[in-house]
Amino acid sequence: MTEDLNQVMRTRREKLELMEDRGIRPFAYRYSRTHQAVEAVELFRQEESAGTLDAEGHGSPVSVAGRLMSFRGHGKSAFGHLEDASGTIQVYFRRDLLGQESFQNVLDLVDLGDWLGVEGELFRTRTGEVTVRASTWELLSKSLRPLPIGKTETDPETGERITHSGFGDIEARYRRRYADLAVHPEVREVFKTRSRIVTAIREFMDDEGFLEVETPVLQPVYGGAAARPFLTRHNTLHRTLFLRIADELYLKRLIVGGFEKVYEIGKDFRNEGIDRVHNPEFTMLEFYQAFADYQDMMDQVERLLVHVVDRALGTRTLTYQGAEIRVEPPFRRIRLLEALEDAMDMDPLRATEEELKERAYRLRLPDLEVAGRGKLLDKLFEALVQPALQQPTFILDYPRELSPLAKLHRSNPSLTERFELFVAGQELANAFSELNDPMDQRRRFEEQAGLRARGDEEAHQVDEDYIRALEYGLPPTGGVGIGLDRLTMLLTDQASIRDVILFPILRTEEQGQ
RNA sequence: GGGCCGGUAGCUCAGCUGGUAGAGCAACGGACUUUUAAUCCGUAGGUCGAGGGUUCGAGCCCCUCCCGGCUCACCA
């Protein structure tokens, strides 16, 4: 892109020189606007209904600022639309109002994508659109690269906005998210909703008396989930560090330290495949509460979710990829083994490992070699039960082997007190009565070490310091993890995690252009 | 990693059994003082993802590679 600018970019650069000749600064320092676009429109409507417009039907003068998204020249006048964070407003340039010089500058210097400030009285055009009649205008920032702005029209029958041409290349939209956002208000809307979700979560947690904390991203021993980590290296420490795969173990150390309720919202990193529901870095909410068990945490999750949909969406009924989902408590609660028994028509507890494996093979579930009983049950569950869990459903009591950080079930020691919440066939939350017996924790870590030896790269490492913390005494504690990206997908009806992450990971693009 | 599909002008796309690349929008010049995908006349714009091969001739056929989408696997 060094020499061979395309035609559009060349002419825009030439306009820069023209501006210099005319003494116009292409990149301004600031602009005083009086109204956002929608505020200005609203102001005019109020003046209109209050009957305070002047004889020509003009309202108060305003100044607005935004990006020029459309432009129609008509000789001695021109129309365009400015878009700011609030929306768009039409602006109207007339030669007799602006004067020959200023009007000529509009025609000669301005391009789609430029940031403009426009000042003038409001009025309503013959076609009924509230518009700023420019008395002065100012270039705030010259756009030197053409934005893929599609032309839009409003369907006269349905009122829907139809975009022609536009910016469709999915790869380009992720790589140049700034351009995607600039031309797609609906994409900006997704990320506004994401922000409202996070705000609503903080509101809820803070109101419930949870303390927001930050724990290390760089960790000498990783843990808290089953996943492969990213490695990095600290130069002066001469040691390998891991990017965290979960916050869990540090947050429970804080409960040991005497904080009774803590939460953290932060990035986790897992060195695994990338697909519609996985991005290597993603955002988790984890919270821990002393003296609570997983039943208490189920209630908390239910209340949290209801609060979030109330605050972020304003409705408890949502549509996800065509399916209607009702976030209305109480959510269904089913034990994992019951759900499996229904789906398999056999008692999974009484089945031998061979029978389970046989069943899994018949379903063509791959990668069964290193799978033990627990893993087999998990795979069968994923294949047979999970897809049907559309409405919010808690699945309870997971096999011990899958849950090295969860307390054994008080009435069945082959299970743990753990639940996951499923919505729209996707796992949304994972929680348990936290294992607080340091001896048991050591045994579980050692079992995990055994799995590692069998080739399970995702099995836990033994975290000696964590066991030491437990030895000081962890009160009974309930803990929850919720993937915020997937929650956002659900609440914004997005099919891909990339559509709720501003800058999702992509392969390196070729340099140039 | 496997399978399928795709990468052509700034954007969205077309391009037949191989014959030297097109449209709309955007851009540029001109007309037009209330337009709504404004309209009308004219002009310019391309390393057809990259590299190699076959051929008199490749956007098109063959091989390798890069990037993306979907999907399967992996991933609670």
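These exercises work through a predicted model of protein chain A with RNA strand B.

Residues are numbered from 1 along each chain as its sequence is written, chains are lettered from A and ligands numbered from 1 in the order in which they are written. In this predicted model, local features need pLDDT of at least 70, side-chain atom pairs count only at pLDDT 80 or more, and totals for chains, interfaces and linings use all residues, while side-chain values use heavy atoms, with hydrogens and water left out.

**Exercise 1. Confidence**

Task: State the mean pLDDT of chain A, and find the elements with the lowest and the highest mean pLDDT.

Solution:
- Step 1. pLDDT is the predictor's confidence in each residue, from 0 to 100.
- Step 2. The mean for chain A is 91, and 96% of its residues reach 70 or more.
- Step 3. Helix α11 (residues 353–362) has the lowest mean among the elements, 77. Strand β8 (residues 211–212) has the highest, 98.
- Step 4. For the model, ipTM is 0.91 and pTM is 0.93.

**Exercise 2. Overall build**

Task: Describe chain A by its elements, box, burial, contacts and domains.

Solution:
- Step 1. Count the elements: 15 helices and 22 strands. Helices (H or I, at least four residues) and strands (E, at least two) are DSSP runs, numbered from the N terminus.
- Step 2. Take the box along the principal axes: the C-alpha atoms fill roughly 90 × 55 × 50 Å.
- Step 3. Of the 513 residues, 48% are buried. Buried means under 20% relative accessible area, exposed over 50%, and partly exposed in between (1.4 Å probe, protein chains only).
- Step 4. Look at contacts (heavy atoms within 4.5 Å). Among those with a separation of 6 or more, 65% join residues 24 or more positions apart.
- Step 5. Split the chain: domain 1 is 3–166, and domain 2 is 188–331 + 391–512. These bounds come from an automatic or database domain assignment. The domain centres, taken over C-alpha atoms, are 47 Å apart.

**Exercise 3. The RNA surface**

Task: Work out which residues and elements of the protein surround RNA strand B.

Solution:
- Step 1. Apply the cut-off: a residue is near a molecule or strand if one of its heavy atoms lies within 4 Å of it.
- Step 2. There are 55 residues around RNA strand B; T127, G166, A226, H278 and E427 come nearest.
- Step 3. Sort them: 12 are nonpolar, 19 polar and 24 charged. Ala, Val, Leu, Ile, Met, Phe, Trp, Tyr, Cys and Pro count as nonpolar, Asp, Glu, Lys and Arg as charged, and the others, Gly among them, as polar.
- Step 4. Assign elements. Those supplying at least two residues include α1 (7–22), β1 (61–73), β6 (151–154) and β20 (418–423). Helix α5 gives the largest share, four residues.
- Step 5. Turn to the RNA side. Of its atoms within 4 Å of the protein, 58% belong to sugar or phosphate and the rest to bases.
- Step 6. Check polar side-chain atoms. K151 has one 2.4 Å from a phosphate oxygen of RNA strand B. R498 has one 3.2 Å from a phosphate oxygen of the strand. D275 has one 3.1 Å from a base nitrogen.

**Exercise 4. Three side chains**

Task: Decide whether E434, N105 and R233 are buried, partly exposed or exposed, and find their partners.

Solution:
- Step 1. E434 sits in the loop between β21 (426–433) and α13 (438–453). Its relative accessible area is 1%, so E434 is buried. The E434 side chain reaches the backbone nitrogen of G479 at 3.3 Å. Beyond four places in sequence, E434 touches residues including E248, K252, Y288 and K407.
- Step 2. N105 lies in helix α4 (residues 100–109). At 7% relative accessible area, N105 is therefore buried. The N105 side chain makes a polar contact with the side chain of R22 (2.6 Å). A polar contact is a pair of N or O atoms within 3.5 Å; within protein, one must be able to donate a hydrogen and the other to accept it, and residues adjacent in sequence count only if both atoms are side-chain atoms.
- Step 3. R233 is in strand β10 (residues 231–234). Its relative accessible area is 47%, so R233 is partly exposed. A polar atom of the R233 side chain lies 3.3 Å from the backbone oxygen of H238.

**Exercise 5. Helix α15**

Task: Determine how many residues of α15 are buried, and what follows the helix.

Solution:
- Step 1. Helix α15 covers residues 484–492, and eight of its nine residues are buried.
- Step 2. Among them are L484, D485, L487 and T492.
- Step 3. Just after α15, D493 takes a positive phi of about 55°.
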